[in-house]
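I opened my notebook to work through one structure, going from its overall layout to single side chains. Here is what I was looking at.

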Amino acid sequence: MHTICFYHGTDFDGKCSAAIVKSFNTNCELVPLDHGIDFPWNKLNGRKKGYMVDYTLKPFADMLRLRERCGADDFVWIEHHP
């Protein structure tokens, strides 16, 4: 199964979070995100284990959609913002 990590790519806590995920999943594809940029749903072609670190999709329904696309047991979301 392919692993993908979406992360907030404009600050160091997002970049460091992605680096930690990558250190445990060396074949993981890292995909930076930022506010105002469309989410790259096309990156989810096929079954993938997914990580979302230091970022939340809005509306929140998109987070649920992402979890569904990855599979509930194959999705990890780590966020520290309220």
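The entries below follow the order in which I looked things up.

**Entry 1: the sheet.** I noted at the start that this is a predicted model. I looked up the strands and found that four of them form an open sheet in the order 2-1-3-4, with parallel pairing. Strand 2 and strand 4 (75–78) stand at the edges and have a single partner strand each, so one side of each is left without a neighbour in the sheet. From one strand to the next, the twist averages 15 degrees. I then checked how strand 3 (residues 48–53) is joined to strand 4, and I counted four bridges between these parallel strands. Across from Tyr 51 I found Val 76, which belongs to strand 4.

**Entry 2: the helices.** I followed helix 1 (residues 12–24) and saw that it lies across strand 1, strand 2 and strand 3, running at about 165 degrees to strand 1. Helix 2 also packs on the sheet, where it touches strand 1, strand 3 and strand 4, and its direction makes about 145 degrees with that of strand 4.

**Entry 3: the cores.** Before searching for a core I reminded myself that, in soluble globular proteins, nonpolar side chains tend to be buried together. The largest nonpolar core here has 14 residues, and among those with the most contacts inside it are Phe 6, Leu 44, Met 52 and Leu 66. Strand 1 (2–8), strand 2 (29–33) and helix 2 are the elements that give two or more residues to this core, and helix 2 supplies the largest share, three residues. I also recorded a second, separate core of seven residues, which includes Cys 5, Tyr 7, Cys 28 and Val 53.

**Entry 4: the aromatic rings.** How many aromatic pairs does the structure hold? I found three. In one of them, the rings of Phe 6 and Phe 39 have centres 4.6 Å apart and planes at 50 degrees, so I wrote the pair down as tilted. This pair links distant parts of the chain, since Phe 6 is in strand 1 and Phe 39 is in the loop between strand 2 and strand 3, 33 residues apart. Phe 6 is buried, with a relative accessible area of 0%, and Phe 39 counts as buried at 12%.

I turned next to Phe 60 and Trp 77, whose ring centres are 5.7 Å apart with the planes at 50 degrees, so this pair is tilted too. It links Phe 60 in helix 2 with Trp 77 in strand 4, 17 residues apart. Are these two rings buried or partly exposed? Phe 60 counts as partly exposed at 43% relative accessibility, and so does Trp 77 at 38%. I also noted that ring pairs link Phe 6, Phe 39 and Trp 41 into a cluster.

**Entry 5: charges over rings.** The charged end of Arg 65 sits over the ring of Trp 41, 3.7 Å from its centre. Lys 15 lies over the face of Phe 12, at 5.6 Å from the ring centre.

**Entry 6: one residue in helix 2.** My last look-up was Asp 62, which is found in helix 2 (residues 60–70). Asp 62 is partly exposed, with a relative accessible area of 23%. Leaving out residues up to four places away in sequence, I found that Asp 62 touches Trp 41 and Leu 57. Asp 62 and Met 52 are 10 residues apart in sequence, and their C-alpha atoms are 12 Å apart in space.

Definitions and conventions: Residues are numbered from 1 along each chain as its sequence is written. This is a predicted model: local features need pLDDT of at least 70, side-chain atom pairs count only at pLDDT 80 or more; totals for chains, interfaces and linings use all residues. Side-chain values use heavy atoms; hydrogens and water are left out. Buried means under 20% relative accessible area, exposed over 50%, partly exposed in between (1.4 Å probe, protein chains only). Contact means heavy atoms within 4.5 Å. A nonpolar core is a set of buried Ala, Val, Leu, Ile, Met, Phe, Trp, Tyr and Cys residues joined through side-chain atoms within 4.5 Å. Two strands pair if DSSP finds at least two bridges between them. Axes are lines fitted to C-alpha atoms, for helices over the stretch in contact, and angles run from 0 to 180 degrees between N-to-C directions. Rings of Phe, Tyr and Trp (its six-membered ring) pair if their centres lie within 6.5 Å; planes under 30 degrees apart count as stacked, over 60 as edge-to-face and the rest as tilted. A charge sits over a ring if NZ of Lys or CZ of Arg is within 6 Å of the ring centre and within 35 degrees of the ring normal.
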